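Q: I've got a structure open and I'd like to learn how to read it. Can you take me through some features, one at a time?

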Amino acid sequence: MFENFKRYETDFAGRPLVIETGKMAQLANGECLVRYGDTVVHVAATASAKPRDGIDFFPLSVDFEEKLYSVGKIPGSFLKREGRPSEKATLVCRMIDRPIRPLFPKDMRNDVAIVCTVMSVDQDCSPEIAALVGTSIALTISDIPWSGPISGVSVGLIDGQFIINPDAEQRKLSQMAVTVASTTERIAMIEAGANEVSDEDMYNGIMAGHEANQHILEFIKGIQAEIGKEKFEYPSNEPEPEMFEAIKAFAEDDVRAAMDTDDKTIRDARLRPIYEKVHERFDPEYPEQEAKIDECMYKTQKYVVRRWLLDEQKRVDGRGMDEMRPLAAEVGLLPRTHGSGMFTRGQTQVLTVATLGSIRDNQLLDGIDEEESKRYIHHYNFPSYSVGETRPSRGPGRREIGHGALAERALVPVVPGMDEFPYTLRLVSEVLSSNGSTSQASICGSTLALMDAGVPIKAPVAGISCGLITEGDRWMTMVDIQGVEDFFGDMDFKVGGTKKGITAIQMDLKISGLLPEMVKEALEKTHKARNYIIDEIMLKAIPEVRPELSPYAPKMLSMQIPVDKIREVIGTGGKVIQKICAECEITMDVEEDGHVFITGIDLEKCRRAMDIVDTIVNDPEPGSYYNGRVTRLMDFGAFVEIAPGKEGLVHISRLDIRRTEKVTDVVNVGDVVKVKVLEIDDKGRLNLSRRDALIDLDGAVPENDISADRPPRRDHDHDRRPPRRDHDRR
């Protein structure tokens with residue numbers, strides 16, 4: 001039935017990689033089913049028969065569809081079906097898009113859609129890598145014009161050894177998670193997160209991934225040689241060379257004068273009349289070709305900028321190739337937030353705000369991997385006013401999600417763990433002005449906001465980008481590219497890290513790939529720039545983490561209790577934990593492993609709650625001190641509850657350092673008092689003393705107290721509340 005069915009198999013990092021094609025989705029231009037271990041991903045590539053009119057870009061879309069049936073889950077939504085892509089899926093779409101886009105013809109305007117459907121997931125075999133390889137195969141064997149193939153692998157680092165496509169357990173131990181996509185000769189894409197890895201280790205890891213890709217590239221070429229289709233013809237959208245040369249000759253001098261400024265607003269204002277002048281001159285000569293005339297103007301600007309950089313070693317704003325724009329850092333801008341920091345780089349400005357929350361504020365994840373929640377969250381907002389435009393806000397798009405994830409990845413390695421700092425952290429970066437490198441400004445702003453909030457990060461993290469211009473065999477790099485250099489250049493190589501090492505990388509290319517020496521130079525230049533930003537800008541704004549949290553931030557305490565005591569802390573129907581929360585005005589979360597997290601605005605009330613929990617799980621001992629609440633009064637003393645179900649008597653002779661004639665002269669029901677445990681009698685009843693606690697802890701001195709040594713009375717036992725027994729005493 002399936003005459004065109006083909007099956008190909010090879011080894012991929014020690015696991016079988018099987019490609020099946022010719023059975024499914026036969027109406028697509030190219031398709032394949034990728035089996036990597038027990039991971040199964042279907043990839044379909046389609047293209048429209050005709051180009052889309054009226055656009056000046058290549059309309060490529062990539063979708064990575066996470067089907068929860070692939071991991072045996074039913075979606076948690078009301079509709080019980082998959083909805084909009086998760087942030088993880090969006091990031092995978094961007095990861096696949098970046099290496100394949102430069103390999104399409106620049107003048108093609110046919111819509112191309114890549115759909116990667118995840119059908120089965122083996123956590124040891126990454127569905128993201130399977131989708132990336134499957135995309136390359138589907139495009140390579142299709143009739144869609146594309147100059148691939150590419151291959152992609154993930155690289156880990158454990159005990160100094162590089163691991164290709166690490167499994168689930170290895171990923172937990174790895175010091176870095178790097179995805180490398182390659183062509184035969186060049187590195188096409190780098191996406192990395194790392195735990196302060198050195199430049200040398202990062203470079204060697206990238207090259208290890210590049211080398212591992214070569215085997216899969218040969219495998220794909222073999223498939224193409226057997227079943228690859230001939231690529232279809234398409235109408236070019238490129239202006240005729242004569243048209244471009246005429247417009248360039250007419251406008252080049254004016255464009256040079258307009259572009260020679262570091263102010264984006266001035267540059268745009270200067271260019272507008274030049275566009276009008278060019279259209280007035282060439283519209284009659286090239287009727288109904290306004291879009292191509294605009295394309296010629298774009299190419300003229302690109303020509304001018306690239307000639308400055310390559311031939312004159314001149315940047316648009318007059319900087320040297322390794323010189324950064326003017327930098328500034330500020331903290332504490334917003335008095336009622338938990339932490340805030342603003343980082344300015346030329347005309348790029350980002351304000352980041354940190355908010356601290358309890359463990360219950362963790363973000364819950366409903367995806368196909370093993371990550372079910374996260375406590376460090378970064379959101380990036382890019383309003384239209386940041387670039388002087390007026391479009392309405394429609395929520396975060398793929399770019400905003402990607403930039404937020406990059407900043408998040410850069411900071412995660414330095415954020416303290418739950419045991420040290422038991423908070424959920426949400427950072428929001430508001431882009432106030434944009435002229436290139438806003439994602440890297442977000443990294444710097446996040447560090448400032450965290451330090452301002454009193455979060456004990458391990459080290460400051462800074463972000464910087466490196467650009468590239470190529471022409472034939474000539475190439476050159478530059479640090480801290482602004483918008484026009486990104487727009488007309490060939491690379492945006494973004495690196496975040498501490499002075500010690502790299503924590504994140506994201507590489508965007510407009511060319512087919514980088515040579516190894518280009519990668520090495522970019523790493524060296526960005527490291528030097530990071531050190532300068534940290535030492536000379538950020539640490540001068542805030543030399544160290546603030547010693548205390550904002551008074552508006554919740555106070556958080558944590559403790560570990562035996563698992564078999566969780567039931568007692570929660571109580572029947574949650575009565576005990578609810579009582580503690582109401583009495584102390586806190587919130588409490590008890591984890592299955594016995595971790596208890598207590599959150600409140602008043603630190604003393606949080607400590608009071610912690611004492612209560614400690615008293616519940618640990619039987620009181622003579623000589624220990626507690627904060628208790630007076631529950632009822634008798635003529636002979638006051639009953640004080642030091643924890644739910646644990647109550648004792650403070651005899652009237654032990655209520656105060658002075659002689660007490662009447663109990664109500666010292667305490668009333670509801671008062672919180674500090675008491676000392678004197679003894680636990682043979683019936684399990686507690687004898688407490690407020691007097692001894694005052695003397696021992698506050699240094700109070702008794703005055704004229706003739707009853708100081710009087711023993712507790714025993715003649716009122718019939719009025720005492722029967723002791724409550726714990727489950728283990730029954």
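A: Sure, let's start with helix packing. An axis is a line fitted to C-alpha atoms, for helices over the stretch in contact, and angles run from 0 to 180 degrees between N-to-C directions. Keep in mind that this is a predicted model. Here, H8 and helix H9 (residues 438-452) pack at an angle of about 45 degrees, and their axes are 9 Å apart.

Q: What word describes how H8 and H9 lie to each other?
A: Angles under 35 degrees count as roughly parallel, over 145 as roughly antiparallel, 65 to 115 as roughly perpendicular and the rest as oblique. H8 and H9 are therefore oblique to each other. As for handedness, H8 passes H9 in a right-handed crossing.

Q: Which residues of H8 and H9 meet?
A: A contact means heavy atoms within 4.5 Å. From H8 come Arg-399, His-403, Leu-406, Ala-407, Ala-410 and Leu-411, and they meet Thr-438, Ser-439, Gln-440, Ser-442, Ile-443, Ser-446, Thr-447 and Leu-450 in H9. Sort the contact of H8 with H9 by class and you get 6 nonpolar, 7 polar and 1 charged residues.

Q: How does H9 pack with helix H11?
A: H9 and helix H11 (residues 516-541) pack at about 45 degrees, with axes 11 Å apart. That makes H9 and H11 oblique to each other too, by the reasoning we just used on the angle. H9 passes H11 in a right-handed crossing. In this contact, Cys-444, Thr-447, Leu-448 and Met-451 of H9 meet Ile-533, Met-538 and Leu-539 of H11. The classes here are 6 nonpolar, 1 polar and no charged.

Q: Let me try a pair myself. At what angle do H1 and helix H2 pack?
A: H1 and helix H2 (residues 127-141) pack at about 40 degrees, with their axes 10 Å apart. H1 and H2 are therefore oblique to each other, and H1 passes H2 in a right-handed crossing. On the H1 side the contact is made by Lys-88, Val-92, Met-95, Ile-96, Pro-99 and Ile-100, and on the H2 side by Glu-128, Ala-131, Leu-132, Thr-135 and Leu-139. By class, the contact of H1 with H2 has 8 nonpolar, 1 polar and 2 charged residues.

Q: Now sheets, please. In what order do the strands of the open sheet run?
A: To read a sheet, list its strands in the order in which they pair. The open sheet has 8 strands in the order E8-E7-E9-E10-E21-E20-E18-E19, and the pairing is antiparallel. Its edge strands are strand E8 (161-164) and strand E19 (474-479), each pairing on one side only. From one strand to the next, the twist averages 20 degrees.

Q: How many bridges are there between E7 and E8?
A: Strand E7 (residues 151-158) pairs with E8 over 4 bridges, in the antiparallel sense. For one bridge you can look up, find Val-155: its partner in E8 is Ile-164.

Q: Which strands does helix H1 lie across?
A: Helix H1 (residues 87-100) lies across strand E9 (176-182), strand E10 (187-197) and strand E21 (502-509), running at about 135 degrees to E10. Helix H8 (residues 398-411) packs on the sheet as well, touching E10, strand E20 (491-497) and E21, and its direction makes about 155 degrees with that of E21.

Q: Open or closed: what about the sheet that runs E25-E26-E27-E29-E28?
A: It's a closed barrel of 5 strands, with mixed pairing. Neighbouring strands of this sheet are turned by 50 degrees against each other on average, direction ignored. Strand E25 (residues 625-634) and strand E28 (residues 672-680) run antiparallel and are joined by 5 bridges. In E28, Val-673 is the bridge partner of Gly-628.

Q: What does UniProt place at residues 623-691?
A: An unreviewed UniProt entry places the feature "domain: S1 motif" there. In the model, that span is 3% helix and 52% strand, and its end C-alpha atoms lie 13 Å apart.

Q: Last one: what should I look for in the backbone?
A: Most residues other than glycine have a negative phi, and most peptide bonds are trans. Now check Ala-13, whose phi is positive at about 55 degrees although it is not a glycine. Ala-13 is in the loop between strand E1 (6-12) and strand E2 (15-21). Then go to the peptide bond from Gly-148 to Pro-149, which is cis, with omega near 15 degrees. You'll find Pro-149 in the loop between H2 and E7.

Terms used
Residues numbered from 1 in each chain as written. Predicted model: local features only at pLDDT ≥ 70, side-chain atom pairs only at ≥ 80, totals over all residues. Heavy atoms only, no water. Pairing = 2+ DSSP bridges. Helix = DSSP H or I, 4+ residues; strand = E, 2+ residues; numbered from the N terminus. UniProt positions renumbered as here; feature names shortened; annotations may be inferred. Left-handed = near helix turned anticlockwise from the far one by under 90°. Nonpolar A, V, L, I, M, F, W, Y, C, P; charged D, E, K, R; others polar.
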